[in-house]
Every structure is written in C-alpha cells, then in structure tokens.
There are 2 protein chains.
Amino acid sequence: MTIITPWEVKGNVDYDKVITEFGVSRIDEKLLARIQKIAGLHYFLRRNIFFAHRDLGFVLDQHEKGNKFFLYTGRAPSGPVHLGHLIPWLFTKWLQDAFDVELWFQFPDEEKFLFKKELTLEDTERFTFDNMLDVIALGFNPKKTHFLIDTKHAHLMYREAIKVAKHITFSTAKAAFGFTNEQNIGAIFYTSMQAVPAFLPSVLQKKNIPCLIPYAIDQDPHFRVSRDVIPKLGFYKPASIQCRFLPGLGGMQSDGKMSSSAGDEATIYTTDDAKTVKHKVSKHAFSGGKDTVEEHRKYGGNPDIDVSYQWLTFFEEDDEKLKQTYHDYKTGKLLSGELKAMLITKINDFLKGHQKRRDEAKGKIEQYLYKEPKKATSLFMEEQ
Amino acid sequence: MTIITPWEVKGNVDYDKVITEFGVSRIDEKLLARIQKIAGLHYFLRRNIFFAHRDLGFVLDQHEKGNKFFLYTGRAPSGPVHLGHLIPWLFTKWLQDAFDVELWFQFPDEEKFLFKKELTLEDTERFTFDNMLDVIALGFNPKKTHFLIDTKHAHLMYREAIKVAKHITFSTAKAAFGFTNEQNIGAIFYTSMQAVPAFLPSVLQKKNIPCLIPYAIDQDPHFRVSRDVIPKLGFYKPASIQCRFLPGLGGMQSDGKMSSSAGDEATIYTTDDAKTVKHKVSKHAFSGGKDTVEEHRKYGGNPDIDVSYQWLTFFEEDDEKLKQTYHDYKTGKLLSGELKAMLITKINDFLKGHQKRRDEAKGKIEQYLYKEPKKATSLFMEEQ
C-alpha cells in the first residue's frame, strides 16, 4: 500500500495516479516550451522531476505583465537534512535566479513537535538552526530571501493563521489529512500556519502579490486546503509546482521517498563525509544489475529500477552524460560497481562544496532572518 | 434550559448544580475565615458572589510560606464593556492589593473573531483598545499589571500554547466545549492560548510560580482542561476562584447573565451617561414589586427576584445599608421606583468616577502592556 501524507510516505509511488488523485496538472510540453522561452529549462523540468503544477500559467502570465511573483517553500525541522530534502530547494534556488524574485522560506519549528510524540520543542529549535545552514549553503540571494520561523515570527504569523483557520472546519482537516478525534488540537490547527507565507508578503507590503510554491508532492494536502481559503482573504490563489521524491536507497518499490526513518545507514545526510557516502551507497543502494559480472555483461542491467542510476537523474546535470550512462548500463558495458562509483563521486563532489558553504553559513543566518522594516514603538501606535 | 459555555449563557443559573456539574468546590465558612485572617473579606466573598474555587487553599498555603502567587484574568474583546464584565475585575483588583501580587491580564483578541462569524479581526482589535481603558480605569497597579494581547504577544504565547495543545485531543475539546466537526480549527485550538498566561510568568522568570485565576463561572471549561495539562509541562496546577454572573436586567429567571446580546437597551455599558442609565434601569429592570402601590405597601416586594435589589448586592458595599434595603423592600416600606432610584444613583456615582479614570487611561496603555525585559539582538543568540 502506498501512503502519501505530509508526515509519512510509504511504498512505491505511482505519479500518474498521484496526478489524478491529488488533482494537480501535469507539466506538459506546451508549458515546458513556455518556461523555456522565459527562463530556460532546469534539468529537473527536462527530466520530469518537477512533474506537476497548479496555476503555473497564471504566475507566468503575471511575470510577463511585469507583475513579479514571490516564491514560498520551507522545511519542518525534525532532524538533520538529507539529500532528498535538497531537491525542491535546489529548484527553488534556480527559480529565484531565473525569475529574479523574492523567496520566503518557512521553518515551521512547531510542526514535527506537534506530530511526533518523542520530539521536544528544544529538539526542533535546535534542528531549525542546523537546517538553516543547509538552506543558506545552497546560495540563495540573502537580499531576496526571508526566513520565517513559526514560533519566533508568531507575532506576524499567528494573526494571519487565525484568519485562515476560521475558514477550515475540523471535517475539512480530517478529510485532507486523515485525522482522527484523538489528534491533538495543535496538529489540527497547524495547517493554518503553513498557509500563511503564501500571502504574508502581500499583507506586509499591502498589495496583492502572486505566489508560487515549489514543494515535494507529499505537502500537497496543506496547499489543497489553503488554496480554497486564501482567495477568501482577498489574495491570489497561490500557484504551485510539485516534484517527485528522491527514492530511498532501498529502491523505489519499497522506499518511494528517502526518509531518515529508514535509519541512518540508509540515509545520506549533507554532513556525511566521503567515506560514509561511499559506504552507504556501496552497501545499501538497490542495484538493477545482474548477479554475476558475466550475466551483466551478457544481458545488461536495469537502470529503471537501479537506485544509483535514478539518483544520477537528480544529481547529474549533463543530459548527454546521463544518456550515455543509461545506455552503457542497460547494455552491460557499465557494471553496477562502476555505476555506484559514478554516483559516489558525484555526491561527494557536491557535498565537498556544500559542506564548505554550510560551514561559512554559520555567520550568515542573521542576514536571512526576516525582520520588520521598522519597529513600532507602541503595539497600538496606529490607534493612539 | 440553562446553557453555560464560554461563548453563551442562557436561562436561569442554579449555582448549586453548577458546583456539582463543574466539579468546583464551594467556598465554605472555614475558607472564608482563613481569607479573612490573611487579607480581610471583600464583600463579594461575604455575599457569596465569589462562591466557588479550585485549590484556593494551596495558594494561601504558598502565600503563608512567603511564596507569592500571581493573578491571571482576562477579557475577550467583542464589544464595549458592560457592568457585568467588571465584577471579576473589581475582585481581582482587590486581590492584587490585598495580597500585593502581580496580575497578568489577557486580551485574547482572536477568541471572539474565531467564534463569531460576523466579527472581523479589525473589530476585535478595536475593542481590545477600548476595553483596556475600562480595565485601567479600575486602578490596577501599573507596576504589577501586565497586559497580554494574543496576536501582538504571539511570539511569546504561541510557543507555549503548542506545548499545551500537544496534550489536548479533539475528543477532549469536543467534550469540554461541545464542539461539532463543523467547528473551525482556530476555535478548536484557541483554548491552548487561554491556558498560557497561567504559566507564562513561570516560563519568563524561569521559576515555578503559583497562579490564581479569578473568573466568571462560564470560563470554567477552559480551565478544567488546562489544569490537567499544565502540571505535565512542569508547572503548578493553577488555582481558581469563580463568581456568579451579574444577572440581566430582564431578571434572573430568563437572563442569568447580563449580555449585550440581549440588546443595547437592556445592557448598561460603562460609557452610558446618567440619563441613559436611568432610562435603562427604569424601563428594563425586572421588578419584584407588586402591581399597585397599595398592594406593595400591604404585602411587600420580593427582593430575591428583583433585579435592582440583586444588582445592589453587587454594587452596594455597605452591608448594613443593603440589609436595611432588603428589609424595607420586603416589608413594603420601600417602593419599586424608590429601589430603582437607589440603584440608579449607585451606578451613576460609580460610572462618573469610572468614566473620568477611563478617559485618563488613554495615555496609560503603554505602562500596562507587557514588554520583554531586553530585546535579544538575534533570534538565535543563545545558539550562536
């Protein structure tokens, strides 16, 4: 059985089925051609890694009219960042540069606290700080990127969240998220907080600004609900673009999404050293190769189920090289060990740079935290 | 049928039944004697207007050990303040002076917005400012009184509220407040915010401080729930003391609690002028008198159902004078018109002073708003 909720993804994911069931639209050739013309095409688009959207045409229309949209994505801190988390952020970074737009990055530090019994708020706050380093390391423009931390920015966010909440009944939340009556009332309320960054910039700047939200498809229930509500508050319905999951090392059939719940051994963290990466990929990456070198040479491997190959579609930017790899593996020219070695090199090259930038990020957090333009001297200044 | 929820009180209130059903304890002679010895007895205690409590003995124990408690009460702004609202606050003011303690006064400006379809957040924020003037006019010590406004202080309060929320299931909230699945998720979450001031001072001062909450009995469901949760967060179970409602002008049988939902004509606001008060009492106060002067002189009136007399038990501080009034009315010496005139004078005398202090309060709000001792320069100062 496949389960996809914002808090749990299990089993093989049939993305065609997801499109129908979630009611998102496929990113088709026509839309790709349009994006290509405006901004070029990131390889995540060329390879169908970002595969679905809602109202993407609307933000492109607005863009062409000179009405800039803003980006909104986020990270609910519950542990260290792994490679799977980076996928939507890498794409968001590209969008920020290609369209030259503002990004609001939410760290809902209460979410996983509310949904996971064992996590304390001190845990999630610690991970917030840690996870920010990974986000900053990706090179977002500090002048155009604003971090929002739910508990720290609650004086801005809670006031907006209750406006959303007033329009969502428990019945609706129950249907969208599969809650029972035994769910806690903080978790039930939480989706209202996740809706806020989709219109907070419009509130703060006192004008209606279009919003585009890139996210992995498991977050969709939140935005299905909030897209109905946000127009009732007088703002544009946020547009969105959804990506597939980086599969777990154990293979797409069992681990449709890499998750640290599979255990540290089967998860590659951004802080893993080269030796650890080599060990984890060598040992755990599900192989599409044959049992013996002889058979492999004769019959070839199956790149479509091989995790190393699948991962290269996420991390190898060069289309030609990827195509060649596919061909070589399928024909048996490339052995499983050699394919794994290619992936290991690719990941370690990336992580070497990432870890350096991550280290430098420690002094940069302040630049990214959203601060109000000027502090009111009185909470009631306007009224008095 | 009698209904008592934090959002609606309807019908005659049987306070004996309330004690049993809500599980509060009666304030008995022994407890009164103990309070008398420490602080004297406010006439609201002598007259059983504050009639019930939970763990009051505990805070008195703590007080006697030299471990000061703090007071917490509040006002959910949804309209102008009427005389009924003042009852718990007048008593709270006495408690503050008699025990020389801090008071945390909550203005949950989101509550009525979430529970009343027609109210906007702009409405409740406007009423917050307006209602503060009434609270300040009662003379709370500005050095020891701290106003908390839910949306404005959310950066302090939301973080604590989610800790409460994690311990409350929808089932529990449903049972306590009578919610259906069609209730909005903000209203469902709200009780977590109302719990916060009962332990926020302990969080801010990093020590466990006992809390005493004076309130009208309709707020009890909130504290029934939060008393179970707060000890799980490591704080004392808050103690509480409950008062009866000032009955509506229409009489206790129909209007157990004065409410502006009975219409402006039947509600006395703190800003009503002397003529308006005279008109409202004369026209709307339910009388326990007889139909003719002759009958009244012969058989006497019934002070136990007469609203003017009942109101004097709330506003006439002099026990002897009140006793005399009861006797004179019951024996027919005092006519209904004369009794109403006494009440009108009493209210207008009070309101004259109140309105002057209310006017002066406009420049004093800043003194009462809670401000953090020092602003952290970084949201992550501790971590960095």
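In this predicted model, 38 residues of chain B are in contact with 38 residues of chain A. If you want to find chain B's side of this interface on your screen, look for helices α6 (111–115), α7 (121–137), α8 (154–165), α9 (170–177), α10 (185–195) and α18 (365–368) of chain B, each of which supplies at least two residues to the side that touches chain A. A good place to begin is α8(B), since the largest share of that side, seven residues, comes from this helix. Sorted by class, the side of chain B that touches chain A holds 19 nonpolar, 10 polar and nine charged residues.

How are the two chains related to each other? A turn of 180° with a shift of 0.0 Å along the axis lays chain B on chain A, with an RMSD of 0.0 Å. This is the relation of a two-fold axis. Both copies use the same surface for the contact, as 100% of the contact residues of chain B recur in chain A.

Now let us step inside a single chain. Chain A is divided into two parts, domain 1 (3–243) and domain 2 (263–363). Taken over C-alpha atoms, the centres of domain 1 and domain 2 of chain A are separated by 29 Å. Where the two domains meet, 13 residues of domain 1 of chain A are in contact with 14 residues of domain 2 of chain A. On the domain 1 side, the elements giving two or more residues are α3 (43–46), α5 (83–99) and α7 (121–137) of chain A. Of these, α7(A) gives the most to the side that touches domain 2 of chain A, with four residues. By class, that side of domain 1 of chain A divides into nine nonpolar, one polar and three charged residues.

For a closer look at one residue, turn to chain B and pick out B:Trp89, which lies in helix α5 (residues 83–99) of chain B. Is B:Trp89 buried or exposed? A residue counts as buried when 20 or more other C-beta atoms lie within 10 Å of its own. B:Trp89 has 21 C-beta neighbours inside 10 Å, so B:Trp89 counts as buried. Leaving aside residues up to four places away in sequence, B:Trp89 touches B:Thr73, B:Val135 and B:Leu138. For a sense of distance within the chain, you can also draw a line from B:Trp89 to B:Ile162: these residues are 73 apart along the chain, and 28 Å separate their C-alpha atoms.

How values were computed: Residues are numbered from 1 along each chain as its sequence is written. Chains are lettered from A and ligands numbered from 1 in the order in which they are written. This is a predicted model: local features need pLDDT of at least 70, side-chain atom pairs count only at pLDDT 80 or more; totals for chains, interfaces and linings use all residues. Domain bounds come from an automatic or database domain assignment. Two residues are in contact if their C-beta atoms, placed from the backbone, lie within 7 Å. Ala, Val, Leu, Ile, Met, Phe, Trp, Tyr, Cys and Pro count as nonpolar, Asp, Glu, Lys and Arg as charged, and the others, Gly among them, as polar. A residue is buried if 20 or more other C-beta atoms lie within 10 Å of its own, exposed if 12 or fewer, and partly exposed in between; C-beta atoms are placed from the backbone. Copies are superposed by least squares on the C-alpha atoms of residues with pLDDT of at least 70 in both.
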